[in-house]
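Biologist: I am new to this structure and would like to go through it slowly, one question at a time. Could you show it to me before we begin?

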Amino acid sequence: MATTRRAPVRPALRPWLRAHWDVVALVALAAAPALVPALGGALGGQMTTLFISCILALGLNVMVGYTGLVHLGIAAFFGIGAYAVAILTVPMNPFQLGFAPAAVLATALCAGVGLALGAPTLRLRGDYLAIVTLGFSEVVKVMLRNLEQITGGMKGLNPVPPPGAGVTLGGIDLGRAFATDPRWFYYLSLAVLAAVVVALRRLERSRLGRAWVAVREDELAATAMGVSATRVKLSAFALSSAVAGLAGCLYAASLSTTADPNAYDFNRSIMVLCAVILGGLGSIPGTLLGVAILVGFDTVLAPWADAWIQEMRINPSGSSLLSFSGWRLAVFGTALVLVMRYRPEGLVPARREAAHTAGVRP
């Protein structure tokens with residue numbers, strides 16, 4: 001009796017998962033709140049912060065990864081977005097817009113500020129551009145601190161109303177739902193992150209995306225082939241700043257405050273830049289993985305480990321040597337050095353970079 005052989009499932013499943021990893025991840029994250037009750041508490045807020053950091057890192061990836069422009073001031077645009085949406089929504093100001101129109105205006109403002117920063121710095125590259133963006137970040141932080149009548153100074157602006165405040169949909173008070181259940185912000189941040197990933201993926205494959213990479217590889221050759229380096233760089237400045245501002249809008253709304261200006265300092269820019277480099281420059285999955293490792297380690301794993309140590313009464317005296325958070329920077333630095341030593345192109349390099357490393361044409 002003749003028998004027919006079936007194709008093994010695992011080899012067929014692997015390429016499908018590789019091609020549709022984003023859909024699988026999105027479905028898993030969307031189903032997580034129904035399966036993990038802890039996402040209705042503090043863990044939900046930590047995951048929201050993680051998603052917002054992913055959006056911020058994707059914005060930086062446009063500048064550093066695609067276009068090759070070193071940017072050390074992405075936190076400034078994150079802060080401008082947060083403060084702009086707060087100024088337009090807090091009850092103490094006369095505007096009092098809803099979250100959606102305020103976020104659109106704040107994002108457009110960040111794109112405009114990005115253009116204003118990029119226009120006079122088009123001839124700068126490398127260290128010189130890094131110094132300019134770092135200086136811009138410090139100027140923005142000092143302005144946020146000193147313009148107390150507008151920004152609230154070191155206190156920040158609060159309370160920032162939640163999205164949907166005063167709106168009732170299907171018998172649900174959206175403002176109250178966002179204020180009391182972290183899962184609403186979880187889904188909002190996840191939806192915005194998915195939209196940003198789809199938009200950047202389409203841009204990556206567009207004529208503009210190819211122009212970004214051409215300018216990064218050889219600006220002189222790209223200009224000789226008819227690519228306008230000025231327009232390409234300005235578009236990268238504007239888009240990167242707009243995405244970072246959008247992340248800032250979500251951050252202020254999720255916290256219900258802008259926090260103090262130190263929340264948008266150099267350390268945040270470096271943390272996001274490290275995540276992009278760790279994951280792989282110019283790689284969307286690499287950027288998301290880098291943020292998941294670095295920011296997830298800092299905001300999700302470290303607090304959970306500290307709570308577990310307290311629960312198990314391993315550290316009754318509260319010594320910092322027995323606290324997991326006390327060692328997190330050492331662990332973070334060691335992991336970063338090891339990855340840069342053995343995978344300098346990043347954990348998930350862009351397809352072009354991986355082909356270059358393998359010595360074949362992409």
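**Salt bridges and a helix pair**

Modeller: In this predicted model, E217 is exposed, with a relative accessible area of 52%.

Biologist: Which residue does the side chain of E217 meet in a salt bridge?

Modeller: The salt bridge has its closest approach, nitrogen to oxygen, at 2.8 Å, which lies within the 4 Å that a salt bridge requires. The partner is partly exposed, with a relative accessible area of 22%. The residue that meets E217 in this way is R216.

Biologist: How many residues apart in sequence are the parts that the pair of K233 and E219 ties together?

Modeller: K233 forms a salt bridge with E219, and the closest N and O atoms of the two are 3.1 Å apart. K233 belongs to helix α12, whereas E219 belongs to helix α11, which covers residues 219-224. The pair therefore ties together parts whose separation in sequence is 14 residues.

Biologist: Is K233 buried or exposed?

Modeller: The relative accessible area of K233 is 3%, and a residue counts as buried when this value is under 20%. Its partner E219, by contrast, has a relative accessible area of 25% and is partly exposed. K233 is therefore, by the cut-off of under 20%, to be called buried.

Biologist: What is the N to O distance in the salt bridge of R343 and E345?

Modeller: In general, side chains of opposite charge can pair when their charged atoms come close. R343 is partly exposed, with a relative accessible area of 33%, and the side chain of R343 meets that of E345 in a salt bridge. The N to O distance in this salt bridge is 3.8 Å.

Biologist: How are α4 and α12 placed, oblique or roughly parallel?

Modeller: Helix α4, residues 74-89, packs against helix α12, residues 229-255, with the axes 7 Å apart and at an angle of about 50°. Because roughly parallel would need an angle under 35 degrees and roughly perpendicular one of 65 to 115, the placement of α4 to α12 is oblique.

Biologist: How many charged residues are in the contact of α4 with α12?

Modeller: On the α4 side the contact includes I74, F77 and F78, and on the α12 side it includes S240, A244 and Y251. The residues of this contact divide into 10 nonpolar and five polar, and the number of charged residues is none.

Biologist: What separates the C-alpha atoms of D306 and L322?

Modeller: D306 is found in helix α14, which covers residues 284-311, and D306 touches S323, F324 and S325, leaving aside residues up to four places away in sequence. D306 and L322 are 16 residues apart along the chain, and their C-alpha atoms are separated by 9.2 Å.

Note on methods: Residues are numbered from 1 along each chain as its sequence is written. This is a predicted model: local features need pLDDT of at least 70, side-chain atom pairs count only at pLDDT 80 or more; totals for chains, interfaces and linings use all residues. Side-chain values use heavy atoms; hydrogens and water are left out. Axes are lines fitted to C-alpha atoms, for helices over the stretch in contact, and angles run from 0 to 180 degrees between N-to-C directions. Helices (H or I, at least four residues) and strands (E, at least two) are DSSP runs, numbered from the N terminus. Angles under 35 degrees count as roughly parallel, over 145 as roughly antiparallel, 65 to 115 as roughly perpendicular and the rest as oblique. Contact means heavy atoms within 4.5 Å. Ala, Val, Leu, Ile, Met, Phe, Trp, Tyr, Cys and Pro count as nonpolar, Asp, Glu, Lys and Arg as charged, and the others, Gly among them, as polar. Buried means under 20% relative accessible area, exposed over 50%, partly exposed in between (1.4 Å probe, protein chains only).
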